[in-house]
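Here's a quick tour of a single protein chain, aimed at someone who would rather look than wade through tables. Have the viewer ready and follow along.

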Amino acid sequence: MKSRPVRYTLLILSAIFLSLGSLGYAAATQTGIRTVQPRSGTVIAVQTSKHLKVALLTAVQLLNGTGAIKIDHVEIVVCGKAVSALLHGSKLRARLVKAQNRGVRIVACGLTMKKKKIDPKTLMKGIDVVPNGLIEIIRLQAAGYYSITL
């Protein structure tokens with residue numbers, strides 16, 4: 001025969017497990033997809049032009065609520081080779097402008113710019129420069145942002 005403390009412990013654990021299971025069930029919808037409310041926003045880190053192209057599309061889709069996920073704020077932190085795609089005359093100009101007009105903040109890594117000797121004046125209008133792209137990502141994560149690295 002089990003002692004009283006053991007029975008009470010088992011009863012409490014059973015109640016906890018049952019309530020956790022019902023929480024997961026209550027969150028589902030008939031389609032299996034529900035809108036997710038993010039903590040604050042999303043930051044996407046990119047290092048190549050190809051990834052920047054994907055990040056720009058994804059950022060706009062997140063802001064539009066595509067895929068039942070609506071994000072209120074998206075930032076793209078650009079480091080490495082991809083910084084070259086932020087210069088005046090970039091092939092991605094139209095996509096960059098579209099994303100900026102939708103509210104995406106695009107940030108260039110100052111360390112990369114210094115290493116590649118890129119003058120901030122040669123960046124397209126509206127591109128912000130931070131001293132260190134990795135620290136910017138960590139800062140946003142600390143503020144509650146989800147982060148994606150491509």
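What follows goes from the whole chain to one helix, and then to two single residues.

**The chain as a whole**

Keep in mind that this is a predicted model. The chain has five helices and five strands, and from the N terminus on they run α-β-α-β-α-β-α-β-α-β. Of its 150 residues, 33% count as buried. The accessible surface comes to about 9,800 Å², and carbon and sulfur atoms make up 61% of that. As for contacts with a separation of 6 or more, 71% of them are between residues 24 or more positions apart.

**Helix α5, one side in and one side out**

Now zoom in on α5, which spans residues 133-142. Which of its residues are buried? They are G133, E136, I137 and L140. These four cover an arc of only 100° around the axis, so they sit on the same side of α5. That fits the general rule: an α-helix has 3.6 residues a turn, so residues three or four places apart point the same way.

What covers that buried side? The cover includes these strands:

| Strand covering the buried residues of α5 | Residues |
|---|---|
| β1 | 42-46 |
| β2 | 74-78 |
| β3 | 105-109 |
| β4 | 128-130 |

Turn the helix around and you'll find L134, I135, I138 and A142, exposed on the face turned away from the buried side.

The ends of α5 are worth a look too. At the N-terminal end, N132 acts as the cap, with a side-chain oxygen 2.9 Å from the backbone nitrogen of L134. Just after the helix, G144 takes a positive phi of about 105°.

**Two residues to click on**

Start with Q100, found in helix α3 (residues 93-102). Is Q100 buried or exposed? Its relative accessible area is 18%, and the cut-off for buried is under 20%, so Q100 counts as buried. Leaving out residues up to four places away in sequence, Q100 touches I106, K125, G126 and I127.

Then try L150, in the segment after β5 (146-149). With a relative accessible area of 35%, L150 is partly exposed, because that value lies between the 20% and 50% cut-offs. L150 also joins V54 and I148 in making a nonpolar surface patch of about 200 Å².

Technical notes: Residues numbered from 1 in each chain as written. Predicted model: local features only at pLDDT ≥ 70, side-chain atom pairs only at ≥ 80, totals over all residues. Heavy atoms only, no water. Buried < 20%, exposed > 50% of the residue type's maximum accessible area, 1.4 Å probe, protein only. Helix = DSSP H or I, 4+ residues; strand = E, 2+ residues; numbered from the N terminus. Arc of directions from axis to C-beta. Contact = heavy atoms within 4.5 Å. Polar contact = N/O pair within 3.5 Å; in protein donor to acceptor, adjacent residues only side chain to side chain. Areas by Shrake-Rupley, 256 points an atom, 1.4 Å probe, with all protein chains shown as cover. Patch = residues over 30% accessible without salt bridge, like charges linked within 9 Å, V, L, I, M, F, W, Y side chains within 5 Å. Salt bridge = Lys/Arg side-chain N within 4 Å of Asp/Glu carboxyl O.
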